[in-house]
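Trainee: I am new to this structure and would like a close look at a single part of it. Please take one residue, then work outward to what surrounds it.

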Amino acid sequence: MPLVPMRQILDEAAKKGYGVPHFNVNNMEQAQAIMRGAEEVESPVIMAASKGALKYSDMLFLRNIMNACVERYPKIPIALHLDHGTNVEICKTAIDLGFSSVMMDGSLEEDGKTPRSYDDNIAVTREVVNFAHPLGITVEGELGCLGGIEDGIGSGEEKLTNPDQVKEFVEKTKVDALAVSIGTSHGAYKFKIQPDPDKNLLAMNIIRRIHELCPNLHMVMHGSSSVPQELIAQINQYGGDIKETYGVPLWAIKEGIAAGVRKVNVDTDLRLAVTATIRKIFHDDPEAFDPRKYLGPARDAMKTIIIERYNTFGSAGHAYDYEPKTLEDMKIFYEESELQSSR
Ligand SMILES: [Zn+2]
């Protein structure tokens, strides 16, 4: 099976009311952990590469790791998504590489730092949709600005999404999915105190309002690692120095999914799992020097987190629910919806 359009994976998730984790990928072990976990619990897969991942992997290596995933797991629907494209060119590059989905983060200027005006966001996102949809490629946009900085992306200043702008934004840009800012942030440092289930941690009212106004829009929660405390403790026990920090608890993510979120971006948790595992092995066995002896267990530790997310977000068990669509199918789908909207 070739890569599947992300739009289909999200449409199917919406039909049955579950969420799909988006995992960032940079190397072979991460990709294997994501796929092994997906096979074990039968989940569809969204793998994402950022500009940083493309640079780190020299592009070609990442593309061929993806090809290997498709070849090794032919029955599992896999979408390959560009995370935080900052300009039209990078989106085009990803599509040329064979990605089935791109994010045009028009909430920020090309530097990935300065907030972009609402009108410019519409213009640049629409430009990406205009060339992506005729190729059957899914497009995610972003409205509002997330807090935190990751891979050099982020203004460091948070601006929650205004639900009243969303309908117009979606109508004008025709995006398939939209990243919303509701109080999550990128990176490991999200909340300074332990989140309290009795207090409003995230702006769920924004999610609910957007879902009312645009029931067919797939909302995306970025910066949604849960920062497991046992991993932080393990890193620090074996020589690390991660300051006190809390992530987005799984209960808050489940609330978001119940209110209409379909894609939940997780990156930090896998980084923490790798680091915690390797630190412990280096401590326990100072003579170890075969990378397979620590990268293998690190891969297993990632898989444990990955399976937990597939189960909690609800995508487990849904890999074989549907016949995967091709980009050709999606071309026709977009052509028809353009025709309908022009009538
Ligand atoms: Zn993000």
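**Tyr310 and its surroundings**

Mentor: Tyr310 counts as buried, because 28 C-beta neighbours lie inside 10 Å and the cut-off for buried is 20 or more. Keep in mind that this is a predicted model. Tyr310 is found in helix α12, which covers residues 291–313.

Start with what Tyr310 touches. Leaving out residues up to four places away in sequence, its contacts are Pro21, Gly37, Ala38, Val41, Ser43, Ser315 and Ala316. The chain also brings a distant residue to this place: Tyr18 is 292 residues away from Tyr310 along the chain, yet their C-alpha atoms are separated by 9.9 Å.

Three of the names in that contact list, Gly37, Ala38 and Val41, also appear among the residues of helix α2 that meet α12. Helix α2 spans residues 28–41, and its axis is 8 Å from that of α12, at an angle of about 45°. That angle makes α2 oblique to α12, since it falls in none of the ranges under 35, 65 to 115 or over 145 degrees. The crossing of α2 past α12 is right-handed.

On the α2 side, the residues in this contact are Glu29, Gln30, Gln32, Ala33, Ile34, Arg36, Gly37, Ala38, Glu40 and Val41. On the α12 side they are Leu295, Ala298, Arg299, Met302, Lys303, Ile306, Ile307, Tyr310 and Asn311. Sorted by class, the contact has ten nonpolar, four polar and five charged residues.

One residue of that α2 list, Gln32, leads on to another helix. Its C-alpha atom is separated by 9.5 Å from that of Ala68, and the two are 36 residues apart along the chain. Ala68 lies in helix α4, residues 60–72. Ala68 is only partly exposed, because 14 other C-beta atoms lie within 10 Å of its own, a count between the limits of 12 or fewer for exposed and 20 or more for buried.

Last, the strands. Eight of them close into a barrel, in the order β1-β2-β3-β4-β5-β6-β7-β8, with parallel pairing. Neighbouring strands are turned by 25° against each other on average, direction ignored. For one pair in detail, take β2 (residues 45–50) and β3 (residues 78–85): six bridges join them, and they run parallel. Within this pair, Ile46 stands opposite Ala79 in β3. Helix α5, residues 88–97, lies across β3 and β4 (101–104) and runs at about 160° to β3.

Terms used:
Residues numbered from 1 in each chain as written. Predicted model: local features only at pLDDT ≥ 70, side-chain atom pairs only at ≥ 80, totals over all residues. Helix = DSSP H or I, 4+ residues; strand = E, 2+ residues; numbered from the N terminus. Pairing = 2+ DSSP bridges. Axes fitted to C-alpha atoms, helices over the stretch in contact; angles between N-to-C directions. Contact = placed C-beta atoms within 7 Å. Left-handed = near helix turned anticlockwise from the far one by under 90°. Nonpolar A, V, L, I, M, F, W, Y, C, P; charged D, E, K, R; others polar.
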